[in-house]
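Here are my notebook entries from an afternoon with this model. I jotted things down in the order I looked them up, so feel free to follow along in your viewer.

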Amino acid sequence: MDETKPSDFKRMLVFVAIAMAVMLTWEYFFPKPQPEQPAAQQQTAAAQAPAIGADLGKTTPVAVQTDTFQAVIDENSGDLRELVLQRHNATGDAEQPFTLLTNSERHKYVAQSLLLDADGQYLLKDVPFQASQKTEGQTTEVRLSAPETKGVQVDKIYTFRQGSYLIDVRFDITNASDKPLKLDSVYRLLRDNSEPEGAGFFDQTYTGPVVYTPEGKFQKVAFDDLDSDYESRKDQADYERTATSGWVGFTQHYFSSVWVLQPKDGQSICQNGHCLLDVKRRSDNLYSAGVRVPLPEIAPGQKLSFPIGLYAGPQEYSGMIQVADNLELIKDYGKTHLFASPLFWLLNWLHSLVGNWGWAIVLLTVIVKAALLPLTNASYRSMAKMRAVAPKLEMLKKQHGDDRMALQQAMMKMYRDEKINPLGGCLPMLLQIPVFIGLYWVLFASVELRQASWGWINDLARPDPIFVLPVLMTVTMYVQTLLNPPPTDPMQAKMMKIMPLMFSVMFFFFPAGLVLYYVVNNLLTIAQQWFINKRYSKKYPAAA
């Protein structure tokens, strides 16, 4: 049975490497098409116009342009139907700007704000707005005015500011009736469950609804959970249903849009009572992430102005921390948040010193390598000892031939005499794994690397355009195999030298910033291994 183990090991490694190469190549040349929305969605959306405020079909647009946005507001419903981010290029086409919100046939993702009366009915059903727009200095204001309805005059005002991804949305409500007026405002984002543009095999960050409240902290509400609720007609998805502050919306790789219930250093819009959070799948196959806010009672002849903020843009740490408390949690580090968050803080701080994300990655790699030096030294010392006594081990194998029992006893004696623990390199390596995984997610999830240049690379979030870093990665991986103690089985030794070439395929598809980290880490590791190997080759002259 033991004779077959090297062969099985070889087949397994070859299979894994070939399968990975095929998946990566297929994903690159034949990207997954975005799912089309079912035809039934278009029919039910029109039927549900009273529930959502307007059909998601034809619009009468109001166009707004700032240095951060190209926005389209539907004059018929007051919905924000399109939002293009001027400073970020599209994932699939770097020559085009990135579209976050859209009302296309292929993908639907819109922002709505509306009013409900005391009976829970949409106040401005089938009532079109009249739009006016003005720009003063750094601010552009779009005022949507509805004709007086049921003794209520409503204006909805969008305010866009230069250099900001925060959009102010305000209702100006005048009670022209002779009775007190009680209304609720509803703010929601509607989205289908299609993957973000350009999502590939390695772009599997979370896409879906998110909620943050002081009571429940940060919560993801998966599309699958909402599907289960919808199909079973139950309401069991795990998230806080009420909030005194926080935010709610959708997130995807690099970008998010959320309604902000309490701005940074400001008052919560829920101060008059708990806001009701509502995250669900709808009958038109769109998903809603929103909040219902009870408004203060408006006396006859009185006016109420009620604002809220909509953050729609990149998950840039420096910008998000100024918008709302804990909004930076929306960066998706998965289960490595405990390690990834302080590593990103360090990366961001290094960038503030050197002014370049590429060099910040290099410095971060050096610092992490230095911090882990005690662990890595212990591991490489163990491997160096094993490498130094490898010739002696070969002599024992020749001496005992097929007598495995005698060989095992001789090897154990040699390890005791030389004070070597053959597993001594494993535990230090295992302890480093959470840090390495955290670094992976920091570099993979950081929108700050998007369009950040370093040397010949114009975008650290895209693959190296001329593949210099992946080639260096392959070379450094191969050199490391030469410095490691060779496996006792000749076939495994050959496979360990071939595997770097096979697995390096994936690095041709990784973001350049991530590959830069691995290349620098490998170069430092090679220097460390070489120094330790040289030291122990002198310490064990008899073995040589």
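**Entry 1: a term to settle.** I call a residue buried under 20% relative accessible area, exposed over 50%, and partly exposed in between. I also remind myself that this is a predicted model.

With those cut-offs in hand I went to Phe467. Is Phe467 buried, exposed or partly exposed? Its relative accessible area is 34%, so I file Phe467 as partly exposed. Phe467 sits in the loop between α11 (426-445) and α12 (468-483). Its backbone caught my eye too: Phe467 is not a glycine, yet it has a positive phi of about 60°.

**Entry 2: the overall picture.** I counted elements next, and the protein has 14 helices and 18 strands. Of its 544 residues, 49% count as buried. I then looked at contacts between residues at least 6 apart in sequence, and 67% of them join residues at least 24 apart.

**Entry 3: the cores.** How many residues does the largest nonpolar core hold? I find 82, and the members that touch the most other members are Ile73, Leu80, Tyr158, Phe160, Ile167, Ile173 and Trp259. Strand β18 (residues 303-314) contributes the most to this core, with six residues. A second, separate core has 40 residues, including Leu350, Leu460, Met506 and Phe507.

I picked Phe160 for a closer look. Setting aside neighbours within four places in sequence, Phe160 is in contact with Val64, Thr66, Phe69, Ala71, Ile73, Gln138, Thr139, Thr140, Val142 and Ile167.

Ile73 turned up again when I checked Pro61, which is in strand β1 (residues 61-65). Not counting residues up to four places away in sequence, Pro61 touches Val72 and Ile73. The C-alpha atoms of Pro61 and Val72 are 5.9 Å apart, with the two positions 11 residues apart in sequence numbering.

**Entry 4: helix α4.** Here I wanted to see how the helix is packed. Which residues of α4 (residues 223-232) are buried? I noted Phe223, Leu226, Asp227 and Asp229. Seen down the axis of α4, these buried residues fall within an arc of 160°, so they line one face of the helix. On the face turned away from that buried side I found the exposed residues Asp224 and Glu231.

What covers the buried residues of α4? The cover includes β10 (184-191), β11 (208-213), β14 (247-251), β16 (275-281) and β17 (287-294).

Just past the end of α4 comes Arg233, with a positive phi of about 60°. Like Phe467, Arg233 is not a glycine. Arg233 belongs to the loop between α4 and β13 (242-243). With a relative accessible area of 64%, which is over the 50% cut-off, Arg233 is exposed.

**Entry 5: Ser257.** I followed strand β15 (residues 255-260) to Ser257. Ser257 has a relative accessible area of 0%, so it counts as buried. Which side chain does Ser257 meet in a polar contact? The partner is Tyr109, and the contact is 2.5 Å. Beyond its neighbours within four places in sequence, I listed the contacts of Ser257 as Leu100, Leu101, Tyr109, Leu189, Gly249, Phe250, Tyr311 and Ala312.

**Entry 6: the disulfide.** I searched for paired cysteines, and the count came to one disulfide. The link joins Cys270 to Cys275, with 1.8 Å from S to S. Its angle about the S-S bond is -110°, which makes the link left-handed. Both Cys270 and Cys275 are buried.

**Entry 7: record against model.** Finally I opened the UniProt record, an unreviewed entry. It places the feature "transmembrane region" at residues 12-30, 357-377, 420-446 and 498-520. I compared two of those spans with the coordinates. Residues 357-377 are 95% helix and 0% strand, with the end C-alpha atoms 28 Å apart. Residues 498-520 come out at 65% helix and 0% strand, and their end C-alpha atoms lie 21 Å apart.

Terms used. Residues are numbered from 1 along each chain as its sequence is written. This is a predicted model: local features need pLDDT of at least 70, side-chain atom pairs count only at pLDDT 80 or more; totals for chains, interfaces and linings use all residues. Side-chain values use heavy atoms; hydrogens and water are left out. A disulfide is a pair of cysteine sulfur atoms within 2.5 Å. Buried means under 20% relative accessible area, exposed over 50%, partly exposed in between (1.4 Å probe, protein chains only). UniProt positions are given in the numbering used here, feature names are shortened, and annotations may be inferred rather than shown by experiment. Helices (H or I, at least four residues) and strands (E, at least two) are DSSP runs, numbered from the N terminus. The arc is that of the directions from the helix axis to the C-beta atoms. Contact means heavy atoms within 4.5 Å. A polar contact is a pair of N or O atoms within 3.5 Å; within protein, one must be able to donate a hydrogen and the other to accept it, and residues adjacent in sequence count only if both atoms are side-chain atoms. A nonpolar core is a set of buried Ala, Val, Leu, Ile, Met, Phe, Trp, Tyr and Cys residues joined through side-chain atoms within 4.5 Å.
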